[in-house]
Amino acid sequence: MAEKYLLSKSSFIKGIQCDKQLYLYKYHYDWMDEVSESQQLIFNRGHDVGELAQKLFPGGIKATEDPRKAAQAIERTTELIENGTKVIYEAAFVFDEVLVIADIMVWDGNIWNIYEVKSSTSISDTYYQDAAIQYYVISNCLNVKDISIVYLNNQYVRNGEIELQKQFNTESVKDKVSEMQDLTKSELTRLKKVLMGKEIPKIEIGPHCSNPYQCSFWGHCWKDIPEYSVFNIAGLRGDKKFELYELGHIKLEDVPEDYPLSKTQRLQIESHIEKKSVLDKDNIKKFLSSISYPVYYMDFETFMPAIPKFDGTRPYQQIPFQYSLHYQETPNGKVEHDEFLADAAGDPREPFLKKLLEDTKEPGIILVYNKAFEITRMKELAADFPKYAKETEERIERIFDLMQPFQKKYYYTPDMLGSYSIKSVLPALVPDMSYKGMEIADGGTASAAFESLFYEEDAFRIKEIRENLLKYCGMDTLAMVKILNVLQKL
Ligand code: SF4
């Protein structure tokens, strides 16, 4: 096995997505965007799923301790194979200047089986490409009988200890990746040429920047796109946005008057150019007449563990762990607050539901922002805990959606920047309130933060994360109080 390599499996996949991404990854690594907490959660999740999948083939030995020390890993892999090791985790190989690391290799008596582990619940085209390059390299170093992808089975419901055979699906992809070998080889030759180039490939931004993955050089390539541009036209298809971009229409002001857009998209542009708000008083009045006091303002946070943590849950099931509830008896009346934040220990669902039902037992409509989310979670909870189903149904019937007037553009101001999300509506209507600068400022980060509490040991950090979660969720419902107030004043 040669040790010199130009590409790795991940750089190959980056190159398939975009030549420029590959080049920047190889030669301008420091231009890469910072990894967000939600992205870090995805990496950690992949790592955890990988470690669990190893237990499908117990007793193996790890060949790669640090993927950056390729030479060491290759040497150790050779050693383990020569010593007759039957199961090897993270075995490293180089062929044709490509380094790959096989998640699991199992010796079946006279030939090797390879297993690639994925933390998703289905096999995508990228996974086939990924397995194809693995197979190309490894089958040129060893005799390979089969190559399979091991992925999560989203129909598996945990009951007691994780049952590995049910938690994972294993599917042979050898036939498919064998057919892809010629293409893989020619792509490899092409990508090597890209890396030999003296200059960064001249590639424009396009749909490939987020397909199949969000490119990690986004900040570099998109730096000249203004913060508010044709890419923020609400509801416009991605290909149409790039069509405008390629025609040189980047700012909203540049969009030709005869370019086909919907009524609300046109309204967004006109409102921006003329710095004018749109107000449909009749419909706002109609909406407000459906709101009778007392009013509860409610918001949930959820997390989705890839490996089910609790009995009765499936991989990636949304588990509610926190809610915030503001309450107002009369318009402009005193605002009271209740909340729930689970401990990162047992299953939070039943305590969550029990307290929620208790906190909302007095009459009053329940206002949420984007009711589909809260209603779906409540229906799931009712199905999982049938003894609360009747009461939960009663609460669902009291739910109203504060997002509606903004989604339907009954009220729109240029500061909403085309979005009706609460994160855009709040600062547009209540300029002294915004999510900017908050440690946790979106649902994805809240999920990641809560999931991190299961592993965090530093008491100070746990306290800090919990306080940030309470602040964030509380902000969501306080925002609703303020937004409703603005609508009433209109
Ligand atoms: S941001 Fe887009 S154009 Fe730039 S490297 Fe990434 S994929 Fe290529």
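This note comments on the ligand surroundings, the nonpolar cores and one sheet of a predicted model.

1. The ligand shell. Twelve positions need not be memorised, but the reader should locate several residues around the ligand, among them C18, K20, H208, C209, W218 and C221. By class, the shell comprises 9 nonpolar, 2 polar and 1 charged residues.

2. Helices at the ligand. Which helices each supply at least two residues of the shell? They are α2 (19-27) and α9 (218-221). The greatest contribution is that of α2, with 3 residues.

3. The largest nonpolar core. This core holds 55 residues, and V98 and V100 touch the most other members. Helix α5 (residues 125-138) provides its largest share, namely 8 residues. Leaving aside residues up to four places away in sequence, V100 touches K9, F93, I133, Q134, V137 and I138.

4. A second core. Separate from the core just described is another of 49 residues, including A342, L367, Y369 and Y420.

5. The open sheet. Five strands should be traced in the order β11-β10-β9-β12-β13, and their pairing is mixed. Strands β11 (335-341) and β13 (399-401) lie at the edges, each pairing on one side only. On average, neighbouring strands are turned by 25 degrees against each other, direction ignored.

6. One strand pair and a helix. In general, strands of a sheet pair through backbone hydrogen bonds, either parallel or antiparallel. Here β10 (residues 319-328) and β11 pair in the antiparallel sense over 7 bridges, and H326 stands opposite H337 in β11. Helix α18 (residues 443-452) packs on the sheet, where it touches β9 (295-303) and β10. The direction of α18 makes about 60 degrees with that of β9.

Notes:
Residues numbered from 1 in each chain as written. Predicted model: local features only at pLDDT ≥ 70, side-chain atom pairs only at ≥ 80, totals over all residues. Near = placed C-beta within 6 Å. Helix = DSSP H or I, 4+ residues; strand = E, 2+ residues; numbered from the N terminus. Nonpolar A, V, L, I, M, F, W, Y, C, P; charged D, E, K, R; others polar. Core = buried A, V, L, I, M, F, W, Y, C linked by C-beta atoms within 7 Å. Buried ≥ 20, exposed ≤ 12 C-beta atoms within 10 Å, placed from the backbone. Contact = placed C-beta atoms within 7 Å. Pairing = 2+ DSSP bridges. Axes fitted to C-alpha atoms, helices over the stretch in contact; angles between N-to-C directions.
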